[in-house]
Amino acid sequence: MAYETIIVDIEDRVCTIKLNRPDALNALNSQLLGELATALGEADANDKVRAIILTGSQKAFAAGADIKEMSEKSFVEVFLQDFFGREHDALTKVRKPVIAAVAGYALGGGCELAMMCDFIIAADNAKFGQPEINLGVIAGIGGTQRLTRFVGKSKSMDMHLTGRFMDAEEAERSGLVSRVVPVKSLMEEAQGAAEKIAEKSMLSAMAAKEAVNRAYETTLAEGILFEKRLFHSLFSTEDQKEGMAAFQEKRTPQFRDK
Ligand code: CAA
C-alpha cells in the first residue's frame, strides 16, 4: 500500500516503519496514525517479517499528537469518536516484537507511542516528555499509566505536572529505555537488535512478549501462572527440541517456527 506519512522498508526479516512528517516534527495526525496502524497490521501478518522497528527522524521521533488538528475538537466529538482509543488498541495488538528507535523529541503522544513498543533504544539526543499540561489537557494515549509503570510515581508525576523533558541519560537511568547509543549509530543498533530477535523461534519470541506484557496487566501470582503455562507449552514445539539439541551439540539452532 502507498503511504504518505510513513515510509516502510523490509530488510533482512526486519520491517522498519519511519514516521515521515518532517515539517511537523512527525506530529501524530489521524492520517499518520491510520497509516501506522495499517502498516503494523501488515508487518504482523507478513511471514517474511520477524521483528519491527518504529522510528522517526534524527530531530524527532514524534512531537506528540497533532495540536493543530485537534485544537478545535469538542468533548462530544472526541468522546463519540473514541479519539485515540481505536488507534491505541490497533497499535498495541501487534504480536511480533516491536522496537522503538528514538532520536530527538518523543513528546506527548510520541512518548506514549514509544512506550507502546516492546522496548526503546534511544539516541543520545533523545528527549522524552509528557507536556500536555502546557496545553490544558493531560496525556491521552496511555502516558499517565505507562510512564508511571516505567519510571515510578514520583518521576512520572514530575513529568506530567511540570511538563519537563527527560534526556536520554535520565531515561536510561529511570528504566524508560533499554539502551542509549550515539545518534549516528541508532538505526544500526536497532537493526542489530531486531536481527537478533529475527534469529529466534517466533514461537518463543511471541510467548516472551505475551508473558512480559502480562506483568503489566495482572497480579504476580496470575502472571507467574501464565508464564509457567506458556513455558510448559513450548515443550510441545520442534523449536524447543532443536534449541536444546543445538546447545548440547555446540551448534547454532535452526528454528523453523514449529
Ligand atoms: N502538533 C502539531 N504541530 C507540531 C507539533 C505538534 N505536536 N509539534 C511541532 N509541530 C510543528 C510546529 O508547529 C512547527 O510547524 P510550523 O513551522 O508550521 O509552525 C514545526 O512542527 C516545527 O516545530 P517548532 O518550530 O516548534 O520546533 P522547535 O525546534 O522550536 O521546538 C518542540 C520543538 C519543543 C518539540 C516544539 O515543537 C513543541 O513544543 N511541540 C509540541 C510538543 C507537545 O506539546 N506535544 C504534546 C502534544 S498533545 C498530545 O500528544 C496529547 C496526547 O497525549 C495524545
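The questions and answers below cover the strands, loops, cores and ligand shell of a predicted model.

User: What conventions apply to the numbering and the values?
Analyst: Residues are numbered from 1 along each chain as its sequence is written, and side-chain values use heavy atoms, with hydrogens and water left out. Because the model is predicted, local features need pLDDT of at least 70 and side-chain atom pairs count only at pLDDT 80 or more, while totals for chains, interfaces and linings use all residues.

User: Which strand is the bridge partner of β1, and in what sense do they pair?
Analyst: Helices (H or I, at least four residues) and strands (E, at least two) are DSSP runs, numbered from the N terminus. Two strands pair if DSSP finds at least two bridges between them. Six bridges join β1 to its partner, and one of the bridged pairs is I7 with K18. The partner is β2, and the sense is antiparallel.

User: Which residue of the hairpin of β1 and β2 takes a positive phi near 50°?
Analyst: The hairpin has two residues between the strands. R13, in the loop between β1 (6–11) and β2 (14–19), has a positive phi of about 70° although it is not a glycine. The residue with a positive phi near 50° is D12.

User: Is β2 largely enclosed or not, and how many of its residues are buried?
Analyst: Buried means under 20% relative accessible area, exposed over 50%, and partly exposed in between, with a 1.4 Å probe and protein chains only. β2 also pairs with strand β3 (residues 51–55) in the parallel sense over five bridges, and V14 has A51 as its bridge partner in β3. β2 is largely enclosed by the rest of the structure, because the buried residues number five of the six.

User: Is N26 buried or exposed?
Analyst: N26 is found in the loop between β2 and α1 and has a positive phi of about 60° although it is not a glycine. L25 lies in that loop as well, and L25 is partly exposed with a relative accessible area of 27%. The relative accessible area of N26 is 2%, so N26 is buried.

User: What distance separates the C-alpha atoms of L25 and S57?
Analyst: L25 belongs to the loop between β2 and α1. Along the chain, L25 and S57 are 32 residues apart. Their C-alpha atoms are separated by 8.2 Å.

User: Which strands pair with β7?
Analyst: Four of the five residues of strand β7 (residues 119–123) are buried, so β7 is largely enclosed by the rest of the structure. One parallel neighbour is joined to β7 by four bridges, including the pair A101 and I121. Another parallel neighbour is joined by three bridges, including the pair A123 and V181. The strands are β5 (residues 98–102) and β10 (residues 179–181).

User: Which residues touch the most other members of the largest nonpolar core?
Analyst: A nonpolar core is a set of buried Ala, Val, Leu, Ile, Met, Phe, Trp, Tyr and Cys residues joined through side-chain atoms within 4.5 Å. The largest has 44 residues, and helix α1 (residues 30–45) gives the most to it, with six. Apart from it lies another core of 14 residues, among them V14, I121, A123 and A194. In the largest core, the residues touching the most other members are F128 and L176.

User: Which element supplies the largest share of the shell around the ligand?
Analyst: A residue is near the ligand if one of its heavy atoms lies within 4 Å of it, and 24 residues surround the ligand. α2 (67–70), β6 (105–107) and α5 (109–116) each supply at least two residues of this shell. The largest share, three residues, comes from α2.

User: What part of the ligand's area does the protein bury?
Analyst: Polar contacts are pairs of N or O atoms within 3.5 Å; a ligand nitrogen is 2.9 Å from a polar backbone atom of I67, and a ligand oxygen is 3.0 Å from a polar side-chain atom of K68. An oxygen atom of the ligand is also 2.6 Å from an N or O atom in the side chain of E132. Accessible areas come from the Shrake-Rupley method with a 1.4 Å probe. Taken alone the ligand exposes 990 Å², of which the protein buries 66%.

Note on methods. Polar contact = N/O pair within 3.5 Å; in protein donor to acceptor, adjacent residues only side chain to side chain.
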